[in-house]
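Let's take a relaxed walk through a protein chain and see how its pieces sit together. Have a look at the sequence and the fold before reading on.

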Amino acid sequence: MRAIRSVLPKAVRKRIIFGFGIALLLIVLGFGVTLYSYQQYREASSEITDSQQVINRLTRVLSLITDVETSERGYVASSGDGNYLKAFDAAVPQFPKEFEKIRELVADHHQQSQNLDSLIRRIDIKLVTARQLIDAMKNRVPISIVRSYMWLGMTHMDQVRKVLTDMNTLEQEKFDRFSQAAEDSFLNTLIGIFTVSLLTLITLIVSYNLLENELNTRQMSENQLRAYEDELQEKIQLLEVSNEELERFAFVASHDMQEPLRKIQSFGYLLRDRHQQGLSEEGVMYLNKILQSAERMSKMIKDLLNFSRISNKQEPFRMVRLGDVVQGILTDQELKIKAAGARFEIGSLAAIEAVQSQMDHLFSNLISNALKFTKPNEPPLITIQGRTVDGDAYDELIPGKRYYRITVSDNGIGFHEKYLDHIFKIFQRLHGKTTYEGTGIGLAICKRIVYNHKGLITAQSQPGVGSTFIIILPEKTDPVCSRQCSNSRNQCIYS
């Protein structure tokens, strides 16, 4: 502003200030109109989506009751062929789920809720009649009684169709009404944006013409800086897309591998259980090796899926009581703890802002490791403590920010600290798979969880003495970043 005052006459300065003031007012007005129209459009779109789901659910109910009717008639026409009842048996259990979904969708619609109650009653009556007809056929009652049941069933079916038609009609009317409202809102939004944008453009062009000569050099510098910024942003986006694709590939690949692996395990167990007597001792040994390898592969895939989900699945932060998390893990692993004769010493653990499911994974892996890497003939002793620390105490953390330091110590076999970086890498093991079971992913998952929470994880250990894993997590997330980046990737949402 000082530069403008020094080079522009007072009258020109007033016109420029007035022009930019008008432009700002138009932008605010346009933003308000657009926000209002968008809100209307979003509400109408939500109603449209609900109506479409209700129509789809009603169509599904009609299909199911038609299957019941067809199965019932086929059973009668075939003089009691049980194959016709398969569709009947498959359809009946699905009605409650469909009714529950429809009730959720029409909860705010009194007329539709009443129609749904009527539909449920009529379908229940129809099913009772159908079962009576089927029982009559099974008991070989006179044909006149069978025909009476069939006539009743047809009557009830017509009543069901009528209620379904009424509900579909109401939903279609609602769908058409809100579709028109959404279309009108969208059109009004376009008109408002266009009008305000045109007026703003005219105002800015006039103001720009007054400034063009005086600010040409500055504008060129800003354009160059903006070009550099856009280039940098583009490279950041490309890197993020690449990381997302890699994580998605790992998730999909691991997920798709589970199905053939399950078949290998299923057929392997069938072969062992049903035909073990026909196999030689060497064949049984080979079969057991196949099953053991399949089991290890299954665990590895599950761990890999968990590793991938930590990055792909965005969950909200909330207050998590770490003491409750630990107690839940101890309850889940109660049998393993009793088998190992392990003893736990757990101090008072605070509540922090974190992702509940990830805290469960974190402590589950750490406690499982402590129970796994134990010394022979010595009961495990596992100690879990926590205390508040300041970020100034660690170079990797933010100075002045409060963190919570958690330690998980054991009296197990320990390891050389020269392998400290090695143990947190995926698929890295310090021991052979025949010595200690595992996939080499658990600590990598721990590191990923702590990284997502913008924390720090490390360990201290001595061979034959035991290990202490140190986890430092923020007590609270950054509220500013969470508001600004809630729709971006983990590095923002987990600030």
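Two residues are in contact here when they have heavy atoms within 4.5 Å of each other. Helices (DSSP runs of H or I, at least four residues) and strands (runs of E, at least two) are numbered from the N terminus.

A word on the model itself: it is predicted, so local features need pLDDT of at least 70 and side-chain atom pairs count only at pLDDT 80 or more, while totals for chains, interfaces and linings use all residues. Residues are numbered from 1 along each chain as its sequence is written, and side-chain values use heavy atoms, with hydrogens and water left out.

**The whole chain**

The chain has 15 helices and 7 strands. Of its 495 residues, 35% count as buried. Buried means under 20% relative accessible area, exposed means over 50%, and partly exposed is in between (1.4 Å probe, protein chains only). The accessible surface is about 30,100 Å², and carbon and sulfur atoms own 56% of that; such areas come from the Shrake-Rupley method with a 1.4 Å probe. Take the contacts between residues at least 6 apart in sequence: 74% of them join residues at least 24 apart.

**Helices side by side**

Start with α11 and α13. Their axes are 9 Å apart and the helices pack at an angle of about 145°. The axes are lines fitted to C-alpha atoms, for helices over the stretch in contact, and angles run from 0 to 180 degrees between N-to-C directions. The crossing is left-handed, which means that the near helix is turned anticlockwise from the far one by less than a right angle; clockwise would be right-handed. Who meets whom? On the α11 side you'll find Gln 358, Met 359, His 361, Leu 362, Asn 365, Leu 366 and Asn 369, and they meet Gly 442, Leu 443, Ile 445, Cys 446, Ile 449, Val 450 and Asn 452 of α13.

Helix α11 (residues 356-372) has another partner, α9: these two axes come within 9 Å and cross at roughly 55°. The pair is therefore oblique. (Under 35 degrees counts as roughly parallel, over 145 as roughly antiparallel, 65 to 115 as roughly perpendicular, and the rest as oblique.) This crossing is right-handed. From α9, the contact uses Leu 322, Val 325, Val 326, Ile 329 and Leu 330; from α11, it uses Gln 356, Met 359, Asp 360, Phe 363, Ser 364 and Ile 367.

Which residues of α9 (residues 322-332) are buried? They are Leu 322, Val 325, Val 326, Ile 329 and Leu 330. Those residues cover an arc of only 135° around the axis, so they sit on the same side of α9. The arc is that of the directions from the helix axis to the C-beta atoms. Over on the other side, Asp 324, Thr 331 and Asp 332 are exposed.

Now for α4 (residues 95-105) and α5 (residues 110-138), whose axes come within 11 Å and cross at roughly 170°. They are therefore roughly antiparallel. Phe 95, Phe 99, Ile 102 and Arg 103 of α4 meet residues of α5, including Leu 116, Leu 119 and Ile 123.

**Pairs brought together in space**

Here are three residues, each with a partner from elsewhere in the sequence.

| Residue and partner | Apart in sequence | C-alpha to C-alpha |
|---|---|---|
| Ile 471 and Lys 447 | 24 residues | 9.3 Å |
| Leu 35 and Thr 189 | 154 residues | 8.7 Å |
| Ile 384 and Ser 409 | 25 residues | 6.5 Å |

Ile 471 belongs to strand β7 (residues 466-474) and is buried because its relative accessibility is 1%. Leaving aside neighbours within four places in sequence, Ile 471 has contacts that include Leu 362, Leu 366 and Val 450. Ile 384, in strand β4, is buried too, with a relative accessible area of 0%. Not counting residues up to four places away, Ile 384 touches Val 326 and Ile 367, among others. Leu 35 is in helix α2 (residues 10-77) and is partly exposed, at 47% relative accessibility.

**Two loop residues with positive phi**

Most residues other than glycine have a negative phi. Asn 377 has a positive phi, near 60°. Asn 377 lies in the loop between α11 and β4 (381-390) and counts as exposed at 85% relative accessibility. Lys 454 also has a positive phi near 60°. Its loop runs between α13 (442-452) and β6 (456-462), and Lys 454 is partly exposed at 29%.
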